[in-house]
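Work through the exercises below with the model open. Each task is followed by a stepwise solution.

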Amino acid sequence: MNVALILAGGTGSRMQSDTPKQYLEVKGKMLITYCLEIFVRSDDIDVIWIVADVFWQKRILEDLEKNDIAIFKVKGFSTPGKTRQLSIVNGLEDIKAYFECDGSDVKVMIHDAARPLLNASHISTYFKAMEGHDGIMPVLPMKDTVYISENGKAITGLLNRSQVFAGQAPEIFAFDKYYDACMRLMPDEIYDINGSTEPAIRAGMDIVLIHGDEKNFKITTVQDFENFKREIG
């Protein structure tokens, strides 16, 4: 079973709006709806689980129905945690309880609602790339020279950009192994996690890199939002 865990708990503080970015509307459709539509229509996704504040949960379903997008794959919601990784943990725990399974036959694809331009064909490509591995992470090569500064004022080192990559979403993990990896970090070390794949790396899981897509950018700033509107015409 393939489960898409969609993270929609962010506050969007850099968007200069009282409405979190994932719930802003473009052409009568919320950003999260653009994102969910891709997963609803993907033959590779069996179940969708969403992390969202209780205030928005009903509104998400209403917006899907308003835009004639089926909701049968959406099986449940989790509430956001204090950090992104704790939101993931909340989702994993609720999925595990809902299906009453150990997750040994489940793959979980973790994606941000604020990345509504995921190419549907990539979902299939990413799942195929995971065969024989514990997980995959899409990445982009660094185009710019990357410097190190210990004090933020002077350059103290230079990284080899051919060995440095920018991580993207969605990542896919073997549910049982990833769940265990996260649980090992509870309750304190989990706060040190910056990226979804970090618990897997710490646990020694076999994670393979796959080339990402520059168009699958995360909407973080007002400029990102304007770029999204241009992308969809």
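Two strands count as paired if DSSP finds at least two bridges between them. Keep in mind that this model is predicted.

**Exercise 1. Find the neighbours of strand β1 (residues 2–7).**

Step 1. Start with β6, residues 107–112. Six bridges join β1 to this strand, and the two run parallel. Pick out Ile6: its bridge partner in β6 is His111.

Step 2. Turn to β4, residues 47–51. β1 and β4 pair over five bridges, again in the parallel sense. Here Ala4 has Ile48 as its bridge partner.

Step 3. Check the count against the cut-off of at least two bridges. Six bridges to β6 and five to β4 satisfy it.

**Exercise 2. Decide which way the β1 side chains point, and whether they are buried or exposed.**

Step 1. Sort by direction. Asn2, Ala4 and Ile6 point one way, while Val3, Leu5 and Leu7 point the other way.

Step 2. Apply the burial cut-off, under 20% relative accessible area. Six of the six residues of β1 are buried.

**Exercise 3. Trace the path from β4 to β5 (74–78).**

Step 1. Look at the pairing. β4 and β5 are parallel partners joined by four bridges. Ile48 stands opposite Val74 of β5.

Step 2. Add the helix. With α2, these two strands make a β-α-β unit, and the unit is right-handed.

Step 3. Ask why β5 counts as largely enclosed. Four of its five residues are buried, so the rest of the structure largely encloses this strand.

**Exercise 4. Describe the largest nonpolar core.**

Step 1. Count its members: 32 residues. Ile6, Ile32, Phe39, Ile48, Ile50 and Ile60 touch the most other members.

Step 2. List the contributors. Elements giving two or more residues include β1, β4, α2 and β5. α1 gives the most, with six.

Step 3. Zoom in on Ile60. Leaving out residues up to four places away in sequence, Ile60 touches Tyr23, Met30, Ile32, Leu36, Ile50, Ala52 and Phe77.

Step 4. Look for another core. A second, separate one has 28 residues, among them Val3, Met137, Ile193 and Ala200.

**Exercise 5. Judge the overall build of the protein.**

Step 1. Tally the secondary structure: seven helices and twelve strands.

Step 2. Test compactness. The radius of gyration is 18 Å, close to the 17 Å from the globule rule for 233 residues, so the protein is as compact as a globular protein of that length.

Step 3. Check burial. Buried residues make up 49% of the 233.

Methods
Residues numbered from 1 in each chain as written. Predicted model: local features only at pLDDT ≥ 70, side-chain atom pairs only at ≥ 80, totals over all residues. Heavy atoms only, no water. Buried < 20%, exposed > 50% of the residue type's maximum accessible area, 1.4 Å probe, protein only. Core = buried A, V, L, I, M, F, W, Y, C linked by side-chain atoms within 4.5 Å. Contact = heavy atoms within 4.5 Å. Right-handed = clockwise from strand over helix to strand, strands pointing away. Rg over C-alpha atoms; globule rule 2.2 N^0.38 Å.
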